[in-house]
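Please look over the sequence and the model below before reading on. The paragraphs after it are meant to be read with the structure open beside them.

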Amino acid sequence: MKDWILFGLTAVVVFLLAMLAYVVVDRKAEARFAYQPKVEIEGIEPRDSIWGLNYPRVYNSYMRTADTSFKSLYLTSGYRDILNEQPELIILWAGYGFAKDYNQPRGHVYAVADLHKSLRTGAPLEEGEGPMPSTCWTCKSPDVPRVMNDIGPANFYSQTFAELGHEIYNPINCASCHDAEDMSLKIALPALAEAFDRLGKDVNEATHQEMRNLACAQCHVEYYFGEENYLIFPWDEGMTAEEMADYYDEREFADWIHPLSRTPMIKAQHPDYEVFTTGIHYERGVSCSDCHMPFKTEGAMKFTDHQIQSPLSNVSASCQTCHRESEADLVKNVYDRQDMVYNLRDKLADLLVITHLEAEFAWNRGATEDQMREALHKIRHAQWRWDYAAATHGGAFHAPL
């Protein structure tokens, strides 16, 4: 009897090992077959559908950025009119394009379509101004590096938004971040590499994990338009809000003059990368992709999920791979930090509105430029710091303390 039991157990073990070997071989074959290229991609190919022929799983996940159903306590992947929700912003940005149109950003697949709809581009913003520059296209499409490759960055930036509009069709996609030859991450736009060069750093020496940040940092940063509307990252003095304010002050730069307070203003863009680098996740070596593009498995294939989105929409894959708390506790932790930051943001916005109105009152009462100089400097710096915190996507969690 014992011999039969031993024989039976041996047969079961052999069968299971055979099944394991079959699965391993089958999965390896599946993996090899899945990534057999169907088309040859050369140079800067801006059409995501062409890349999708070779990488269908990744492409299908990217196309899900069209899903606008996600909504958390403060954020959404769908359309939302922020000016309607926070009308005080119209006073803070009076005289600037953001006072006319400011919406919650949607997924990358909408990058070009949403820019076409924006009231901030195309026509002059104010009487006497010229048309907006083609620099506004820079982060919206892989057609931009394609055109830059043909005519050069400086020539691209120097033209108007409308003049090059017929060249920009494809939204942010594969070619914005990947080299077609080997699928390695690349810097497709010049401003980031130029900023690194001025700091004495070579972006080509970045590790793969660093590139999983820098591919995003091509666009999710603070920037401004210099001479001939050339796109520049103001990192020469450092990457903190204070250091960038000093950078702008030294160059006497202003995005616009506030029509009420007459303050030379700086408009923060979205300094996501700069804020992220001051937080604990960056310090521990976590990248943007780890949380916003977690790994996904289908059959034998493990790949990066390109449905770039809030980690709160996929807590199990984005957060719980490292954190062992429950989903409810992790979400509450995020909301608590957002509550703290957003409450302070709203209080400061109300105070800034008052300062602009009080400055206007002082001018109307005959105040001189010498009398107003210090006050205007403080308004400029106060609103810059408020805007720096308000404009960064996810800043309440990237570096909440």
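What follows goes from the chain as a whole to its salt bridges, then to its surface patches, and finally to some single residues.

The model is a predicted one, and the protein chain in it holds 18 helices and six strands. Of the 401 residues in the protein chain, 43% are buried. The accessible surface of the chain comes to about 21700 Å², and carbon and sulfur atoms account for 56% of that area. If one takes the contacts between residues at least 6 apart in sequence, 66% of them join residues that are at least 24 apart.

Salt bridges come next. Side chains of opposite charge can pair when their charged atoms come close. With a side-chain nitrogen of Lys or Arg required to lie within 4 Å of a carboxyl oxygen of Asp or Glu, the count comes to 15 salt bridges. One of them joins the side chains of Asp143 and Arg146, with a distance of 3.1 Å from N to O. Both residues belong to helix α7, which runs over residues 143-151, and because they are three residues apart there, about one helical turn separates them. The two partners can be told apart by their accessibility: Asp143 is buried, with a relative accessible area of 2%, while Arg146 has 22% and is partly exposed. This pair also belongs to a network of salt bridges, in which Asp143 and Arg146 are linked with Glu167.

Helix α17 supplies an arginine to each of the next two pairs. Arg373 forms a salt bridge with Asp370, and the closest N and O atoms of this pair are 2.8 Å apart. Here again the partners are three residues apart in one helix, α17, so that about one helical turn lies between them. Asp370 counts as exposed, because its relative accessibility is 59% and the cut-off for that class is over 50%.

Which residue forms a salt bridge with Arg380? The partner is Asp249, and the closest N and O atoms are 2.9 Å apart. Because Arg380 lies in helix α17 (residues 369-391) and Asp249 in helix α11, this pair ties together parts of the chain that are 131 residues apart in sequence. Arg380 counts as buried at 7% relative accessibility, whereas Asp249, at 24%, counts as partly exposed.

The surface carries a patch of negative charge, in which Glu237, Glu242, Glu243 and Asp246 gather. Glu237 sits in the loop between strand β2 (231-232) and helix α11 (241-250), and its relative accessibility of 35% makes it partly exposed. A nonpolar patch is also found on the surface, formed by Leu348, Leu351 and Ile354, which together have about 250 Å² of accessible area. Within this patch, Ile354 has its place in helix α16 and is partly exposed, with a relative accessible area of 42%.

Is Val353, which is found in helix α16 (residues 327-364), buried or exposed? At 15% relative accessibility Val353 counts as buried, because the cut-off for that class is under 20%. Once residues up to four places away in sequence are set aside, Val353 touches Glu88, Ile91 and Leu92. Val353 and Gln383 are 30 residues apart in sequence, and their C-alpha atoms are 9.7 Å apart in space.

Ser289 is another buried residue, with a relative accessibility of 8%, and its place is in helix α14, residues 288-292. Leaving out residues up to four places away in sequence, Ser289 touches Arg212 and Pro294.

Two loop residues remain, and their backbone angles deserve a look. Met183, in the loop between α8 (153-158) and α9 (190-198), has a phi near 65 degrees, a positive value in a residue other than glycine. Met183 is partly exposed at 24% relative accessibility. Arg262 likewise has a positive phi, of about 65 degrees, although it is not a glycine. Arg262 lies in the loop between β3 (256-257) and β4 (264-265), and at 42% relative accessibility it counts as partly exposed.

How values were computed: Residues are numbered from 1 along each chain as its sequence is written. This is a predicted model: local features need pLDDT of at least 70, side-chain atom pairs count only at pLDDT 80 or more; totals for chains, interfaces and linings use all residues. Side-chain values use heavy atoms; hydrogens and water are left out. Patches are made of residues with over 30% relative accessible area and no salt bridge: like charges are joined within 9 Å, nonpolar side chains (Val, Leu, Ile, Met, Phe, Trp, Tyr) within 5 Å. Accessible areas come from the Shrake-Rupley method with a 1.4 Å probe; for residues, only the protein chains shown count as cover. Lys and Arg count as positive and Asp and Glu as negative; His and the chain ends are not counted. The place of a charge is taken as NZ of Lys, CZ of Arg, CG of Asp or CD of Glu. Helices (H or I, at least four residues) and strands (E, at least two) are DSSP runs, numbered from the N terminus. Buried means under 20% relative accessible area, exposed over 50%, partly exposed in between (1.4 Å probe, protein chains only). Contact means heavy atoms within 4.5 Å.
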